[in-house]
Amino acid sequence: MIPNNYYWIAFDFGHLYSLDNMWVWNYGAMNAYGDFSARGLKDVFIKTSIDGEHWTQLQGPGLRGTHQFAKTESTVGVPFAHNTQIDFDGIEARYVLVYSTPYFEPPLEPEWGAYVGQWGLSEVQFNVDPIRQ
């Protein structure tokens, strides 16, 4: 399902939900070794599924239907708010899959320029409504 050399993360909610939106706090670490916000995800594909076998891509505004996660502007010791919101508009799903674009497929980029094969997300929050079954 996901080709090699893609970064990915999957979410299993345990039950079917009506998805409103997803808030993303992209990777944002700043410490004595420098600013690591370039390791946050950039251009991603998002897919949903009700059964974990059949997937539907959530079409984004970018090339090939990608979504772009904003780069975090982090400051040492200062909490930051989510900086990306993805709207699902009530799609019913149990699973959500987020995966990067591959390296060397310009103009799409998997991360914000670190090119070290390491990435992260600080936090992801889904706003959902339960579905009566």
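Q: Why is D12 called partly exposed?
A: In this predicted model, D12 has a relative accessibility of 45%. Buried means under 20% and exposed means over 50%, with partly exposed in between, so D12 counts as partly exposed.

Q: What makes R94 and D12 a salt bridge?
A: Their side chains meet at 2.8 Å, N to O. The cut-off is a side-chain nitrogen of Lys or Arg within 4 Å of a carboxyl oxygen of Asp or Glu, so the R94 and D12 contact qualifies as a salt bridge. The structure holds 1 salt bridge.

Q: Why does this pair tie together separate parts of the sequence?
A: Because R94 lies in strand β7 and D12 in strand β1, the pair joins parts that are 82 residues apart in sequence.

Q: Is R94 buried, partly exposed or exposed, and how do you know?
A: R94 comes out at a relative accessible area of 27%. Partly exposed sits between the 20% and 50% limits, so R94 is partly exposed.

Q: Why is the pair of F11 and F126 called edge-to-face?
A: First, the count: a search of the whole structure finds 7 aromatic pairs. For F11 and F126, the rings are 5.0 Å apart centre to centre, with 70° between the planes. Centres within 6.5 Å make a pair, and planes over 60 degrees apart count as edge-to-face, so F11 and F126 fit that label. F11 lies in strand β1 (residues 8–26) and F126 in strand β8 (residues 121–130), so the pair ties together parts that are 115 residues apart in sequence.

Q: How do you know whether F11 and F126 are buried or exposed?
A: F11 has a relative accessible area of 19%, and F126 has 16%. Buried means under 20%, so F11 is buried and F126 is buried.

Q: What makes F13 and F126 an edge-to-face pair?
A: Here the centres are 4.9 Å apart and the planes are at 75°. That fits the limits of 6.5 Å for pairing and over 60 degrees for edge-to-face. F13 is in strand β1 and F126 in strand β8, 113 residues apart. With a relative accessible area of 22%, F13 falls between 20% and 50%, so F13 is partly exposed.

Q: Which residues form one aromatic cluster?
A: F11, F13, Y17, F88 and F126.

Q: Why is D89 called exposed?
A: D89 has a relative accessible area of 68%. Exposed means over 50%, so D89 makes the cut. D89 is found in strand β7 (residues 84–100), and together with D20, D87 and D129 forms a negative surface patch.

Note on methods:
Residues numbered from 1 in each chain as written. Predicted model: local features only at pLDDT ≥ 70, side-chain atom pairs only at ≥ 80, totals over all residues. Heavy atoms only, no water. Patch = residues over 30% accessible without salt bridge, like charges linked within 9 Å, V, L, I, M, F, W, Y side chains within 5 Å. Areas by Shrake-Rupley, 256 points an atom, 1.4 Å probe, with all protein chains shown as cover. Lys, Arg positive; Asp, Glu negative; His and termini not counted. Charge placed at Lys NZ, Arg CZ, Asp CG, Glu CD. Helix = DSSP H or I, 4+ residues; strand = E, 2+ residues; numbered from the N terminus. Buried < 20%, exposed > 50% of the residue type's maximum accessible area, 1.4 Å probe, protein only. Phe/Tyr/Trp six-rings, centres within 6.5 Å; stacked < 30°, edge-to-face > 60°.
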